[in-house]
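Here is a look at side-chain contacts, for anyone who likes to think at the bench with the model open. Have the viewer ready and follow along.

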Amino acid sequence: MASEVTVWNKVMSSALAIPGVQVDRETFLRSELRQYCSKDELEKAISNPVDVLSEDRIDSLANSCISNHLLKVTSLSVVAGIPGGLAIAATIPADMAQYYWHTFVLAQKLAYLYGIPDLRDENGNLTETSQDMLTLFVGVMMGAAAANNAIKNVSKAFAVQVVKRLPQKALTKTVYYPIIKQVAKWIGIKLTKDTFAKGIGKTIPILGGVISGGLTAATFRPSAKRLQKKLKEQMFDIHISEGDTDEYVEATFTEEAGVIEDPVVMDNPEKLIIQFMINLAKVGGNWSEKKEAILTDVIENSTLSDDEQLELAQVMACDKLMQIDFSSLQNDEANSAKLLEKGVDILKAEDKVALAEKLYFKKIAKQLGFSAEDIEEAMN
């Protein structure tokens, strides 16, 4: 995973180093919205355009931004693609950096039009938290399901808290860490493949510029439209009245928000054990970075496919517990013992074990046929 994540980090760093990548939210929104609002409406619209402007108007402004950046990024891509031959090593990074500079700028503009708070800090800089969000935005643009779900949950948080600026606690230090890491890996893989495809075109002088620009045009608009669609879904579909806010916060952000109704039934013991560990880490309302680190390590070093690992990363970020069917392990002594062993790793992650964690651990252990003595011995 490290190499793919490194690819994305290098591309992001290169794009973020280009001047002008930070979008001043208030300045941008004032410029875009002032002709459609009265003076009083404008101040409200800057807080959240969705509260003042119609869906069609915001869509129109978003589409205009997409078209504007599409024209610019395609033109730059054609110019960067013209050299060919020995210039490949230089032009591919420059082309990609330019492409993602426009991607990041456009992503910020779309986010602000659909009500996302300022991604920059008080000094106008894009921080580690901003980069986490940009990674998720790019994941959405590339079609990563995990990024879609993460954006959904983050958008709900913004809708409830009505914050003006993105909280500067990096998302990588929350339950979203494994998702962001998996999305970064997924982007890195895609970038490696796309770079190879564009590199072939650039071996042909002049014509290579046309091929490069054509590939850019073919990918930029659909990607931008995916992000627009997701942001639009979240900010227009999430409507919370003042009287529902407390209940909504409780349902969305507490560890004991509920249980996923459909039981999880599977034949893969490794995946089932990891899901048990995730449930155990959540059940006591005592989620921690130590537990998260244990789970992240177990998922990354499992034999599961990338899609299955992404699924588990999404489960980690979910606020509900899974109802798991453990019947497939009842006659499997080896994997039952492994489940207890891994469960103990979660219990011992913190100095103090929550009562709910103990009770859940004992309940599942009994279901698998372990005696009270065996359970106590395992826990101690």
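Phe-220 counts as buried, since its relative accessibility is 0%. Keep in mind that this is a predicted model. The ring of Phe-220 pairs with that of Tyr-99: their centres sit 5.6 Å apart with the planes at 90 degrees, so the pair is edge-to-face. Tyr-99 belongs to helix 5 (residues 88-113) and Phe-220 to helix 9 (residues 207-237), so this contact ties together parts that are 121 residues apart in sequence. Tyr-99 is buried too, at a relative accessible area of 11%.

Next along helix 5 come Tyr-100 and Phe-104, four residues apart, or about one turn of the helix. Their ring centres are 6.2 Å apart and the planes make 50 degrees, so this pair is tilted. Tyr-100 is buried at 5% relative accessibility, and Phe-104 is buried at 0%. Put these rings together with Trp-8 and you get one aromatic cluster: Trp-8, Tyr-99, Tyr-100, Phe-104 and Phe-220. Overall, the model has seven aromatic pairs.

Now for the charged side chains. The count comes to 11 salt bridges, and a few of them are worth pulling up:

| Salt bridge | N to O distance |
|---|---|
| Asp-118 and Arg-120 | 3.1 Å |
| Lys-271 and Glu-311 | 2.9 Å |
| Glu-376 and Lys-362 | 3.3 Å |

Are the partners in the Asp-118 bridge buried or exposed? Asp-118 is buried, with 6% relative accessibility, and Arg-120 is buried as well, at 12%. This pair also has company: Asp-24, Asp-118 and Arg-120 are linked in a network of salt bridges.

The side chains of Lys-271 and Glu-311 meet in a salt bridge at 2.9 Å. Lys-271 is in helix 11 (residues 269-283) and Glu-311 in helix 13 (residues 306-317), so the bridge ties together parts 40 residues apart in sequence. Lys-271 is buried, at 10% relative accessibility, whereas Glu-311 is partly exposed, at 33%.

Then there's the bridge between Glu-376 and Lys-362, at 3.3 Å from N to O. Glu-376 sits in helix 16 (residues 372-379) and Lys-362 in helix 15 (residues 355-367), and the pair links distant parts of the chain, 14 residues apart. Glu-376 is partly exposed, with a relative accessible area of 35%, and Lys-362 also counts as partly exposed, at 27%.

Note on methods:
Residues numbered from 1 in each chain as written. Predicted model: local features only at pLDDT ≥ 70, side-chain atom pairs only at ≥ 80, totals over all residues. Heavy atoms only, no water. Salt bridge = Lys/Arg side-chain N within 4 Å of Asp/Glu carboxyl O. Buried < 20%, exposed > 50% of the residue type's maximum accessible area, 1.4 Å probe, protein only. Helix = DSSP H or I, 4+ residues; strand = E, 2+ residues; numbered from the N terminus. Phe/Tyr/Trp six-rings, centres within 6.5 Å; stacked < 30°, edge-to-face > 60°.
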